[in-house]
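This report describes a protein chain residue by residue, starting from individual side chains and ending with the chain as a whole.

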Amino acid sequence: MAKLLIVDDEINIRNLIVKYAKYENYETLEAGDGMTAVCICRDEKPDLVIMDIMMPEMDGFTASREIKRFSDVPIILLSARGEEYDRINGFEIGVDDYVIKPFSPKELMLRVGVILRRVERARQPAAEKSDIFKLDQLEVNFISRIIKIDGKRIDMSPKEYDLFFYMIRNANIALTREKLICEVWGCDFYGDDRTLDTHIKLLRRSLGDYGKYIVTLRGVGYRFETSVQ
């Protein structure tokens, strides 16, 4: 049984999420602030965290950042705001999803299920076509999940790695937005196109000059083009 940590300073929201989580047969833990959430993650090791952003003691962004220092537990952020800055900030930290209040508890549980299934699939061993990919001074090691440019290691969020690896595996192929979302987030992903666009933006920024190799196909999607001049 998967264990969820519900973090929100509003007890009514916690109670609502807990009610739906228990209906889906999830075990639940609760915290009313970010600092308590960090401590619970260290001690109880939940399988997924649902984290509000605006909280006392320690906000959701800070708490998520602290948790990611010692754990790769997936995190869903809850926010009353939907600004791009908040979404980018969350994805840069490495959170897996971003849900805007007010939200549907049923949809939230669907998102939880999608992420947990994706994590489980990722833990299963898979045969790689090749261990190393090189393009000029860009080097990608699929096994160790290390990306280097000019010999310097490039740090990315987990989802940036997943997205970039998939695009490299399908280099020079037009990838529709639907295909990318299905393959990287899961075909039952309940997010929207902005999630993909935000990660493409972050990925290009992480790659610096090599970001130009990710070509936008208007009305279609994206392509990792190895022959861009």
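In this predicted model, the side chains of Asp8 and Lys101 make a polar contact at 3.0 Å. Asp8 sits in the loop that runs between strand S1 (3–7) and helix H1 (11–23). Its relative accessible area is 0%, so Asp8 is buried. Leaving out residues up to four places away in sequence, Asp8 touches Ile13, Arg14, Ala31, Gly32, Asp52, Met55, Leu78 and Lys101. The C-alpha atoms of Asp8 and Met54 are 8.3 Å apart, with the two positions 46 residues apart in sequence numbering.

Lys101, the partner of Asp8 in that polar contact, is also joined to Pro102 by a cis peptide bond, with omega at about -10°. Pro102 belongs to the loop between S5 and helix H5 (105–123). Most peptide bonds are trans.

Ala31, one of the residues touched by Asp8, is found in strand S2 (residues 27–31). With a relative accessible area of 3%, Ala31 is buried. Beyond four places in sequence, the residues touching Ala31 are Leu5, Ile6, Val7, Asp8, Arg14, Thr36, Ala37 and Ile40. Arg14 appears in this list and in the list for Asp8. By C-alpha position, Ala31 and Ile173 are 45 Å apart in space and 142 residues apart in sequence.

Two further side-chain polar contacts involve Asp96 and Arg177. The table sets them beside the contact of Asp8.

| Residue | Partner side chain | Polar contact distance |
|---|---|---|
| Asp8 | Lys101 | 3.0 Å |
| Asp96 | Arg118 | 3.3 Å |
| Arg177 | Asp197 | 2.8 Å |

Asp96 is placed in the loop between helix H4 (84–93) and strand S5 (97–100). Because its relative accessibility is 15%, below the 20% limit, Asp96 counts as buried. Residues up to four places away aside, Asp96 touches Lys68, Pro74, Ile75, Phe91, Ile115, Arg118 and Trp185. Arg118, the polar partner of Asp96, is thus also in its contact list.

Arg177 lies in helix H7 (residues 177–184). Is Arg177 buried or exposed? At 18% relative accessibility, Arg177 counts as buried, the cut-off being under 20%. Apart from residues up to four places away in sequence, Arg177 touches Asp193, Leu196, Asp197, Val220, Gly221 and Tyr222. Asp197 in this list is the residue whose side chain makes the 2.8 Å polar contact with that of Arg177.

His199 is in helix H8 (residues 193–207). This histidine counts as buried, at 1% relative accessibility. Outside its neighbours within four places in sequence, His199 is in contact with Phe91, Lys159, Glu160, Leu163 and Trp185. Phe91 and Trp185 are also touched by Asp96. For His199 and Glu160, which are 39 residues apart along the chain, the C-alpha separation is 6.4 Å.

Two residues call for comment on their backbone angles. Most residues other than glycine have a negative phi. Asp136 has phi near 55°, a positive value in a residue that is not glycine. Asp136 is in the loop between strand S6 (132–135) and strand S7 (138–141), and at 59% relative accessibility Asp136 counts as exposed. Asn172, likewise not a glycine, has a positive phi of about 70°. The loop that holds Asn172 runs between helix H6 (158–169) and strand S10 (175–176). Asn172 counts as partly exposed, with 40% relative accessibility.

The remaining values concern the whole chain. It has 8 helices and 12 strands. How does its radius of gyration relate to that of a compact globule, and what are the values? A compact globule of 229 residues would have a radius of gyration near 17 Å, and the 18 Å of the chain agrees with this. Along the principal axes, the C-alpha atoms fill a box of roughly 55 × 35 × 35 Å.

Of the 229 residues, 49% are buried. The accessible surface comes to about 11900 Å², and carbon and sulfur atoms account for 48% of that. Among contacts between residues at least 6 apart in sequence, 58% join residues at least 24 apart. The chain carries 35 positive and 39 negative side chains, and the centres of these two sets are 3 Å apart.

Technical notes:
Residues are numbered from 1 along each chain as its sequence is written. This is a predicted model: local features need pLDDT of at least 70, side-chain atom pairs count only at pLDDT 80 or more; totals for chains, interfaces and linings use all residues. Side-chain values use heavy atoms; hydrogens and water are left out. Helices (H or I, at least four residues) and strands (E, at least two) are DSSP runs, numbered from the N terminus. Buried means under 20% relative accessible area, exposed over 50%, partly exposed in between (1.4 Å probe, protein chains only). A polar contact is a pair of N or O atoms within 3.5 Å; within protein, one must be able to donate a hydrogen and the other to accept it, and residues adjacent in sequence count only if both atoms are side-chain atoms. Contact means heavy atoms within 4.5 Å. The radius of gyration is taken over C-alpha atoms; the globule rule is 2.2 Å times the number of residues to the power 0.38. Accessible areas come from the Shrake-Rupley method with a 1.4 Å probe; for residues, only the protein chains shown count as cover. Lys and Arg count as positive and Asp and Glu as negative; His and the chain ends are not counted. The place of a charge is taken as NZ of Lys, CZ of Arg, CG of Asp or CD of Glu.
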